[in-house]
Amino acid sequence: MKKFNYALLRTPSQSAKNYILEGEISLSQIIGEHETLMHFLKNVPIRVHNVPSAANDVILSRINQLCLATSKCVVFSNFEENMLNNQRIQLVAHFSRFYPLDRIHAIDFPGTFSARDALVVDNTVFVSISQETNEDGAKQLAEILGKYNFEVVIIRDSQDSLQNYLNYIEGNNLLVKEGYEIPTEFNEFNQIVLPNDEISGIGAIWINDFIILPNNCFSLKEALIGLEKYRILSMSTEELNKLSISLKEFVILF
């Protein structure tokens, strides 16, 4: 089943090394893993658009948090920190190539919203209240998406941003990080719990019957193959794992 036509990524900037705080991390290897992901996406196949590096890449090209893109519109996040909001500027201009201007929206203050708090399941969007998404931001999101016939479900008892511990895989399957209490709104999904040594699998990317996942997720790969629904591609994410960065954080699908 074809759901997505485009994948948008942004090459990590050399300036990103200023924001890598943990241990011996190789920016060149991160860029290499980013390039491998682009290669995999092109072989799905899907049209891949790679945005040039940002001059001040404070998020290490983890652009997934910057906006929620759907088949009908795109909604840009709004953060308390201007450094994060500045990361959106380049993407707004780029998305104008794919959406009419009246279908490009943004959350306004006093509302705040991070797309990592949103989980899209068909025409339903679950959004968690968190440190980055407040009540006003969630209500603005519901108002915007309601115009396009999306139902928005606001989750107020989430332990974390939804995408940090949940990942929806088309076909009613939900990847779950071990150790989290799952909101009751997700009880009807087939939950696949990731063991602690495979938590990088929470960033697996479902795209048009393919799933791209880290190559150290052996039991997850076996579980997904057992469902007989997907074609599995696996790649090295050794450097990203050191920073607890997931694959899906690098890409916006629409």
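In this predicted model, Phe-186 comes out at 0% relative accessibility, so it counts as buried. Phe-189 is also in the buried class, with a relative accessible area of 12%. The two rings have their centres 5.9 Å apart and their planes at 40°, so the pair is tilted.

That pair belongs to a longer list, since the structure holds 13 aromatic pairs. Another one of them is Phe-76 with Phe-95, an edge-to-face arrangement with 5.9 Å centre to centre and 80° between the planes. Here Phe-76 sits in strand β4 (residues 74-76) and Phe-95 in helix α3 (residues 89-95), so the ring pair ties together parts that are 19 residues apart in sequence. Both Phe-76 and Phe-95 are buried. They also belong to a cluster: ring pairs link Tyr-6, Phe-76, Phe-95, Phe-98, Tyr-99 and Phe-254.

Turning to charges, a search of the whole structure turns up six salt bridges. One of them joins Arg-10 and Asp-57, whose closest N and O atoms are 3.3 Å apart. Arg-10 is part of strand β1, while Asp-57 belongs to the loop between β2 and β3 (67-69), so this bridge ties together parts that are 47 residues apart in sequence. Arg-10 and Asp-57 are both buried.

A second bridge, between Glu-249 and Arg-62, has its closest N and O atoms 3.8 Å apart. It links distant parts of the chain, with Glu-249 in the loop between α7 and β15 (252-253) and Arg-62 in the loop between β2 and β3, 187 residues apart. Glu-249 counts as buried at 14% relative accessibility, whereas Arg-62 is partly exposed, with a relative accessible area of 23%.

Glu-132 and Arg-116 make a further bridge, at 2.8 Å from N to O. Since Glu-132 lies in the loop between β7 (124-128) and α4 (135-146) and Arg-116 in the loop between β5 and β6, the contact ties together parts that are 16 residues apart in sequence. The two partners fall on opposite sides of the 20% cut-off for burial: Glu-132 is partly exposed, with a relative accessible area of 21%, and Arg-116 is buried, with 17%.

What about Asp-117, found in the loop between β5 (104-106) and β6 (118-121)? Asp-117 is buried yet goes without a salt bridge. The nearest side chain of opposite charge is Arg-116, and that is 6.1 Å away, while a bridge needs the N and O atoms within 4 Å. Asp-117 does have polar company, though: its side chain makes a polar contact of 2.7 Å with the side chain of Ser-130, and another, of 2.6 Å, with the side chain of Thr-133. Leaving aside residues up to four places away in sequence, Asp-117 touches Phe-126, Val-127, Ser-128, Ser-130, Glu-132, Thr-133, Ser-161 and Leu-162.

Helix α1 (residues 27-42) rounds off the picture. Its 16 residues reach 23 Å from first C-alpha to last, close to the 22 Å expected at 1.5 Å a residue. Buried positions in α1 are Leu-27, Ile-30, Ile-31, Glu-33, His-34, Leu-37, Met-38, Phe-40 and Leu-41. An α-helix has 3.6 residues a turn, so residues three or four places apart point the same way. The elements covering the buried residues of α1 include the strands β1 (6-10), β2 (47-51), β12 (205-207), β13 (210-214) and β14 (231-235), along with helix α7 (238-242).

Notes: Residues are numbered from 1 along each chain as its sequence is written. This is a predicted model: local features need pLDDT of at least 70, side-chain atom pairs count only at pLDDT 80 or more; totals for chains, interfaces and linings use all residues. Side-chain values use heavy atoms; hydrogens and water are left out. Helices (H or I, at least four residues) and strands (E, at least two) are DSSP runs, numbered from the N terminus. The expected span of a helix is 1.5 Å times one less than its number of residues. Buried means under 20% relative accessible area, exposed over 50%, partly exposed in between (1.4 Å probe, protein chains only). Contact means heavy atoms within 4.5 Å. Lys and Arg count as positive and Asp and Glu as negative; His and the chain ends are not counted. A polar contact is a pair of N or O atoms within 3.5 Å; within protein, one must be able to donate a hydrogen and the other to accept it, and residues adjacent in sequence count only if both atoms are side-chain atoms. Rings of Phe, Tyr and Trp (its six-membered ring) pair if their centres lie within 6.5 Å; planes under 30 degrees apart count as stacked, over 60 as edge-to-face and the rest as tilted.
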